[in-house]
Amino acid sequence: MKQLVQNRRQKTILYGVLAFAVVLFPLVVDNSYLIRIVTTIFMYSVITVSLNLIGGYGGELAMGHAAYLAVAAYVTAILSTRYGMSFLVTFPISVIAATVFGFLTGFVCVGRIKGDYVMIITMGICEITRIVLVNEAEVTNGPMGISQIPGIQILGYTMKGNRQYYFVFLLLLLVTVWIIKNLVNSKFGRNVIAIREDETAARAMGMKVAWIKVSAFTISALFAGAAGALLAHYNRFIGPSQFNLDESLLYYQMLIIGGLGSIPGSIIGAAILVLIPEIFRGISVYRTIVYGLIMVIMMIVRPQGLLGDTGDKHPASRFGKAIKARFQKVQSREGDAQ
């Protein structure tokens, strides 16, 4: 008991120091480039934490998260540039639009569709969304995207500079982490994990599996939509290329590397894959190869991620075991040949 109290005290101190450093960082650092990088980490962390609800705790191979960001970002851009609506109006409308889209996606992905088929369906939805954004030029301005999006305006005050958006995205990340963590620790979260571990047993226990899955997709899309709406104001420009399938795959890579079923792992995974291109900018052309190697190594060594704890039932764990078994089989053949 004494050891438990001491561990909690140490964690509290650690989180307190970390929170102090995060808040102090943009106030003492006078480099807008570094502030923008950390702000980007916050944004991707929001996306990855929300994806973890369905991809980590839920065990679904959902690869269409970029579509939710796209819906919210474009709704925000259209309402603010063409109709002059303020942030206090566009933000909730955009989040609702993304949430509804997430609900529809979840509705399509439940029932008879399971496992790898969820991945295929969500990838298809993501690509269809991108195609619509490109072809419906009258509404979305096609491949040219939408520019001159105003910054966040609240009560006549317009946010400018990276420091202010730093704290906006930090606030969104804190809210996302707090809500997702409480959901995971609630009855709903335990049901989501139970369905991941054994869907048949969950149905036998009387769980409404379909609606739990749909709810997870809906909640996840809500936070992704919030990130997408803020992204439109932050970048002042959005285009279809920002929400393609590669982006959705990047989100899942962050999730796998950081840790499936771990909220701190989601943030660490986002930070790693945001920092890698910045640190190795000179070889950015090989970024895809580097990401691929990291993914293969992680799937062999630790398929649940750095801080993940999903057990053996998660599809990533099964894939990791299959890759590792194949790797060992090849090594065995080479050993016999020698």
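Glu199 is buried in this predicted model, since its relative accessible area is 15% and the cut-off for buried is under 20%. Its side chain meets that of Arg203 in a salt bridge, 2.9 Å from N to O. Arg203 itself is partly exposed, at 42% relative accessible area. Both residues sit in helix H9 (residues 199-204), four residues apart, or about one turn of the helix.

That pair doesn't stand alone: Glu60, Glu199, Arg203 and Lys213 are linked in a network of salt bridges. Glu60 and Lys213 pair up as well, with their closest N and O atoms 3.2 Å apart. This one links distant parts of the chain, 153 residues apart: Glu60 is in the loop between H2 and helix H3 (65-82), and Lys213 is in helix H10 (residues 209-235). Glu60 counts as buried at 10% relative accessibility, and Lys213 counts as buried at 10% too.

The structure holds six salt bridges, including these:

| Pair | Closest N to O distance |
|---|---|
| Arg203 and Glu199 | 2.9 Å |
| Glu60 and Lys213 | 3.2 Å |
| Asp30 and Arg163 | 3.4 Å |

Asp30 lies in the loop between helix H1 (2-28) and H2, and Arg163 in helix H7 (residues 162-184), so their bridge ties together parts that are 133 residues apart in sequence. Asp30 is exposed at 71%, while Arg163 is partly exposed at 34%.

Now for the nonpolar side. The largest nonpolar core has 82 residues, with Tyr44, Ile238 and Phe243 making the most contacts inside it. Helix H2 (residues 32-57) gives the most to this core, 14 residues. On the surface, a nonpolar patch of about 680 Å² includes Leu155, which is exposed at 81%.

Technical notes: Residues are numbered from 1 along each chain as its sequence is written. This is a predicted model: local features need pLDDT of at least 70, side-chain atom pairs count only at pLDDT 80 or more; totals for chains, interfaces and linings use all residues. Side-chain values use heavy atoms; hydrogens and water are left out. Patches are made of residues with over 30% relative accessible area and no salt bridge: like charges are joined within 9 Å, nonpolar side chains (Val, Leu, Ile, Met, Phe, Trp, Tyr) within 5 Å. Accessible areas come from the Shrake-Rupley method with a 1.4 Å probe; for residues, only the protein chains shown count as cover. A salt bridge is a side-chain nitrogen of Lys or Arg within 4 Å of a carboxyl oxygen of Asp or Glu. Buried means under 20% relative accessible area, exposed over 50%, partly exposed in between (1.4 Å probe, protein chains only). A nonpolar core is a set of buried Ala, Val, Leu, Ile, Met, Phe, Trp, Tyr and Cys residues joined through side-chain atoms within 4.5 Å. Helices (H or I, at least four residues) and strands (E, at least two) are DSSP runs, numbered from the N terminus.
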